[in-house]
Amino acid sequence: MQTPAMTAELDWSSLISAAIAIRKRAYAPYSGFAVGAAVQTAGGQVFVGCNVENASYGLSLCAERSAIVQAVSAGQRDLIAIAVAASPLATPCGACRQFIAEFGQQIRIAAVDPAVPAIVRQWSISDLLPECFRFDGPPVAQR
Ligand code: THU
């Protein structure tokens, strides 16, 4: 029997809608490429994020990491899915794949172009980043 926290259904439709909606908040004056992301936790909570660019280009933050930081900052680390909205459709970059994998190998990913909402591509993070780096070093005080 699963605990209530584990029974939340994955509601792709609202997760995708949330990613599409938050994309409007993207701060992308350098690339002009707006991205929105929404993560769902095992308990059914949704956290959103958009890309936030910087004049020092390399500091730019992707939408996926922005959404994950929101979830973790709210005390939620049990992530089960992430939806990404961009036009044209974008798959998470390598850095974001590693960032997503930190919170579970089974996390599902969906990518959609808001201009073509009927086409949704889906993977699990282990499809997109097999053999991800894991750190099994000495135990740290706080994890
Ligand atoms: N970007 C994301 O936010 N997510 C992705 O999956 C791919 C790229 C952002 C980074 C940058 O602000 C812009 O898109 C162009 O690379």
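The chain of this predicted model contains four helices and five strands. Read from the N terminus, these elements follow the order α-β-β-α-β-α-β-β-α. The radius of gyration is 15 Å, close to the 15 Å that the globule rule gives for 143 residues, so the chain is as compact as a globular protein of that length. Along the principal axes, the C-alpha atoms fill a box of roughly 45 × 35 × 30 Å.

Of the 143 residues in the chain, 36% are buried. Among contacts with a separation of 6 or more, 61% join residues that lie 24 or more positions apart. The accessible surface of the chain amounts to about 8200 Å², and carbon and sulfur atoms contribute 56% of that area. The chain carries 10 positive and 10 negative side chains, with the centres of the two sets 5 Å apart.

Helix H2 offers a local view of the packing. This helix spans residues 63–73, and its buried residues are Ala 63, Glu 64, Arg 65, Ser 66, Ala 67, Ile 68 and Ala 71. These buried residues pack against three strands and one helix, listed below.

| Element packed against the buried residues of H2 | Residues |
|---|---|
| Strand S1 | 35–41 |
| Strand S2 | 46–50 |
| Strand S3 | 79–86 |
| Helix H3 | 94–101 |

Just after H2, Gly 75 adopts a positive phi of about 90 degrees. Charged residues also occur in the buried set of H2, which includes Glu 64 and Arg 65.

Conventions. Residues are numbered from 1 along each chain as its sequence is written. This is a predicted model: local features need pLDDT of at least 70, side-chain atom pairs count only at pLDDT 80 or more; totals for chains, interfaces and linings use all residues. Side-chain values use heavy atoms; hydrogens and water are left out. Helices (H or I, at least four residues) and strands (E, at least two) are DSSP runs, numbered from the N terminus. The radius of gyration is taken over C-alpha atoms; the globule rule is 2.2 Å times the number of residues to the power 0.38. Buried means under 20% relative accessible area, exposed over 50%, partly exposed in between (1.4 Å probe, protein chains only). Contact means heavy atoms within 4.5 Å. Accessible areas come from the Shrake-Rupley method with a 1.4 Å probe; for residues, only the protein chains shown count as cover. Lys and Arg count as positive and Asp and Glu as negative; His and the chain ends are not counted. The place of a charge is taken as NZ of Lys, CZ of Arg, CG of Asp or CD of Glu.
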